[in-house]
There are 2 protein chains.
Amino acid sequence: MVTFLSGGTGTPKLLSGAEAVFDRVETTVVGNTGDDVELGGHLVCPDVDTVLYLLGGVLDRETWWGIGDDAATTHEELRTLAEAAGIELGPRYLADERQTAGRDIADWRRFSAVGEFMHIGDRDRAVHLTRTSLLDEGRSLTEATRTLAEAFDLTADLLPMSDDPVATIVHTDEGSMHFQEFWVARGGEPGIESVEFRGGESAAATPEVRDALDDPVVVGPSNPVTSIGPFRELDGVPEALASTPVVAVSPFVEDEVFSGPADDLMVAEGYEPSTAGVAEAYPFADAFVLDSADGTDLDRPVVRTDTEMDDEDDAARVAEAVAEALEVAT
Amino acid sequence: MVTFLSGGTGTPKLLSGAEAVFDRVETTVVGNTGDDVELGGHLVCPDVDTVLYLLGGVLDRETWWGIGDDAATTHEELRTLAEAAGIELGPRYLADERQTAGRDIADWRRFSAVGEFMHIGDRDRAVHLTRTSLLDEGRSLTEATRTLAEAFDLTADLLPMSDDPVATIVHTDEGSMHFQEFWVARGGEPGIESVEFRGGESAAATPEVRDALDDPVVVGPSNPVTSIGPFRELDGVPEALASTPVVAVSPFVEDEVFSGPADDLMVAEGYEPSTAGVAEAYPFADAFVLDSADGTDLDRPVVRTDTEMDDEDDAARVAEAVAEALEVAT
């Protein structure tokens, strides 16, 4: 058994070719939920859903989010209606007093769907609706996620990192905002001052995640701050990671990041935006997989391969290196 | 100025051809909200929306609900996901304690969207999402409805009958159920014992509706029990109807109903299922429009015409008769 900690792009890319090395029935994937939002009353879990769709064989491989060939009729109509009524389209947070009224799991990240600032496809929306209604029927996010995994015929076990709310808030020189506003609505442009995982101090890993962290852990090439950072806030996780073999794949080649906002976020959190910074951020990692061109000298065992992943063959190659590193780490 | 009280089919049909007789800028339509449900967290207002779509020029004229040529990708995916997860598709009420937790306006009629038992189109869904998010942003249902009316470029004023919750519950020999379960999920089959307008005792007509009821009122050929009945529960409405000229169009030709579940509902409520029963149910009506073939002898003035409405010309003919009856009633 092996457990992957996943954000929204790097780790799913690794998972896309990992099957030859890590049998899916022996694989658990735990998704970050700090990026989740409640949009028009529906809980959207971008990182969990990317894995759900990937392993369910329906992921849009162009964007690495959403369902391939999905329509967006409702989303487009939401934009049309708001424009026709003269309403501003930007992210529309619910009022402060509404941010903690309702399902606990969605605290501090509630947006109106008027003019819907995130692109939600029509089939994708059915997933959010089903998840939210399962919560309203009394199930936990873990149970709702497993029901969706069953519907998409997953053989791997897919888990949200917590059934408690954790909201990734980016404090910037243009104000404080949820990660999805920072990334989706503002393209990562505002200057980052600090990152807060709101709720983290009282959030715990679920029993299912605690069990999964008894197995060897793979931290894929996800953003160490906003994708993996939330995990480390959870009660029980730092200790669990410290006591199990952990392999991390660097999302950098020395100081070049493959994609996403990892570099600015790392600087804001006091880390060097590089493989060396990743190693500092991951004191629990027992071994690393680095790119062949990455000469960073680390204090822990390293396996090198070409870590650029454009297709499943690339991912399989990186997965092989991960398996090799796990042998060193164990 | 004239005010129409509307259910979901008969009165919208009349409105479809009423423009030649009643200028839309001089027309207010007040929609029944007893049939509304919260489905997957979204407030669906079937009667108000049929008028919204009709006057906005997008109504599906085959069904008289929903938007013409709308897709239903999300709805179909909701069904697919529930089936794939082995979940029952029927109406899924939220638990009793959840029925009054959340927006007051949706009390006693909250359903999970898992397997979505009502057909919601994709553009249609954007309307429900916008309405619900406007409520979450702090607007009243009246304000949200006016915003949607603006988006659909309505010239008539469209109002929900109340900003308070009223839920039409049908008590049957197969148990108590919301009107939408009775009608949509069970095709009106269960034997009706009584009809309850839950919340009616503490619901009031809005100031906007009270103002509109100062004008002459047209009660279209809607179901007197579940379409018009909820209005009469509202604080202020019976007095207002008693003191303004009211013309009612019978939804019956003697004892034959044009469509819908009016006859069984009337019997259950102690009325004869006929034009005579309608007249008894509408003591506030000052004149009636009856079908030419309807020989019912009423104690109030009557204008007769062919009241079957298959197209806008038919509707215009009935509207002419309504105008004539209003002159007698005033």
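Trainee: Hi! Which side chain does B:Glu137 meet in a salt bridge?

Mentor: Hello! B:Glu137 meets the side chain of A:Arg92, at 2.6 Å, N to O. A salt bridge here is a side-chain nitrogen of Lys or Arg within 4 Å of a carboxyl oxygen of Asp or Glu.

Trainee: And why does that pair join two chains?

Mentor: B:Glu137 lies in the loop between α4 and α5 of chain B, and A:Arg92 lies in the loop between α3 (73–84) and β5 (110–111) of chain A, so the pair joins two chains. Helices (H or I, at least four residues) and strands (E, at least two) are DSSP runs, numbered from the N terminus.

Trainee: What kind of model is this?

Mentor: It is a predicted model, where local features need pLDDT of at least 70, side-chain atom pairs count only at pLDDT 80 or more, and totals for chains, interfaces and linings use all residues. Residues are numbered from 1 along each chain as its sequence is written, chains are lettered from A and ligands numbered from 1 in the order in which they are written, and side-chain values use heavy atoms, with hydrogens and water left out.

Trainee: Back to the salt bridges. How many are there between chain B and chain A?

Mentor: Six. One joins A:Glu77 and B:Arg123, at 2.8 Å, N to O.

Trainee: Cool. Which elements of chain B give two or more residues to the side that touches chain A?

Mentor: Those are α3 (73–84), α4 (122–136) and α5 (141–151) of chain B. The largest share comes from α4(B), with 11 residues.

Trainee: How many residues are in contact there?

Mentor: 35 residues of chain B contact 35 residues of chain A, where contact means heavy atoms within 4.5 Å.

Trainee: How are the two copies related?

Mentor: A turn of 180 degrees and a shift of 0.0 Å along the axis lay chain B on chain A with an RMSD of 0.0 Å. The copies are thus related as by a two-fold rotation axis. They are superposed by least squares on the C-alpha atoms of residues with pLDDT of at least 70 in both. The same surface serves both copies, and 100% of the contact residues of chain B recur in chain A.

Trainee: New topic: what is the strand order in the open sheet of chain B?

Mentor: The order is β4-β3-β5, with mixed pairing. Two strands pair if DSSP finds at least two bridges between them.

Trainee: Which strands stand at the edges?

Mentor: β4 (42–44) and β5 (110–111) of chain B do, each with a single partner strand, so one side of each is left without a neighbour in the sheet.

Trainee: And in which sense do β3 and β5 of chain B pair?

Mentor: Parallel, over two bridges, with β3 spanning residues 37–39. B:Leu39 has B:Phe111 as its bridge partner in β5(B).
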